[in-house]
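Here are some exercises to work through with the model open beside you. Try each task before reading its solution.

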Amino acid sequence: MTEPPAITARMQGEALSVAIHSANGIAAVTHPDGGMVTFWTIAGRKLLKVIDLPSPRGVELTVDQQYFLVSYGLEANVVQVSVDDLEIDKASTIFKSYITGSHIYNWSRAMSELYYPA
């Protein structure tokens, strides 16, 4: 990705974690060194939105596919971002969640898909 340059210049280090919302065709990508989460269209490869968060690490979808769940910060905070408008649901923030590491894996979602496919 090369556009927009002001954002792609911040994509230093690694793009650590990716979650794809297939129905909306959106990829959420964490950039810990850039201090941001980017949201892209899959089909058009266009930037939709940037959310600035300190050291975002993991991103995953909730079981109901309504939110991206993002872990960030030194204290492993977790917040939900709506897949419809890509806005943070501030009421959903869990501070000091102890959900740490580079990625988030939603076992409930995997089990739901395995045992109750749509």
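**Exercise 1. Write down the order of helices and strands along the protein chain, starting at the N terminus.**

Solution. Step 1: from the N terminus on, the elements run α-β-β-β-β-β-β-β-β-α. Step 2: the chain holds two helices and eight strands, where helices (H or I, at least four residues) and strands (E, at least two) are DSSP runs numbered from the N terminus. Step 3: keep the ground rules in mind. This is a predicted model, in which local features need pLDDT of at least 70 and side-chain atom pairs count only at pLDDT 80 or more, while totals for chains, interfaces and linings use all residues. Residues are numbered from 1 along each chain as its sequence is written, and side-chain values use heavy atoms, with hydrogens and water left out.

**Exercise 2. Find the strand order in the open sheet that contains S1, and say which strands stand at its edges.**

Solution. Step 1: the order is S1-S2-S3-S4, with antiparallel pairing; two strands pair if DSSP finds at least two bridges between them. Step 2: strand S1 (18-21) and S4 each have a single partner strand, so one side of each is left without a neighbour in the sheet. Step 3: direction ignored, neighbouring strands here are turned by 15 degrees against each other on average; the axes are lines fitted to C-alpha atoms, for helices over the stretch in contact, and angles run from 0 to 180 degrees between N-to-C directions. Step 4: look at S3 and strand S4 (residues 47-52), which are joined by five bridges. Trp-40 faces Leu-47 in S4, and Thr-38 stands opposite Val-50 in S4. Step 5: five residues lie between S3 and S4 in their hairpin, and Arg-45 in the turn has a positive phi of about 55 degrees.

**Exercise 3. Do the same for the open sheet that contains S8.**

Solution. Step 1: this antiparallel sheet of four strands has the order S5-S6-S7-S8. Step 2: its edges are strand S5 (56-61) and strand S8 (88-94), each with a single partner strand, so one side of each is left without a neighbour in the sheet. Step 3: from one strand to the next, the twist averages 25 degrees. Step 4: strand S6 (residues 67-72) pairs with strand S7 (residues 77-82) over six bridges, and Phe-68 stands opposite Val-81 in S7. Step 5: three bridges join S7 to S8, where Ile-88 is the bridge partner of Val-81. In this hairpin, five residues separate the strands, and Leu-86 takes a positive phi near 55 degrees.

**Exercise 4. Which residues have the most contacts inside the largest nonpolar core, and which strand gives the most to it?**

Solution. Step 1: a nonpolar core is a set of buried Ala, Val, Leu, Ile, Met, Phe, Trp, Tyr and Cys residues joined through side-chain atoms within 4.5 Å; buried means under 20% relative accessible area, exposed over 50%, and partly exposed in between (1.4 Å probe, protein chains only). Step 2: the largest core has 16 residues, and those with the most contacts inside it are Phe-39, Leu-53, Val-59, Phe-68, Val-70 and Val-81. Step 3: strand S2 (26-31), strand S3 (36-41), S5, S6 and S7 each supply at least two of its residues. Step 4: S6 gives the most, with three residues.

**Exercise 5. Is Thr-8 buried or exposed?**

Solution. Step 1: locate Thr-8 in helix H1 (residues 5-8). Step 2: its relative accessible area is 17%, so Thr-8 is buried.
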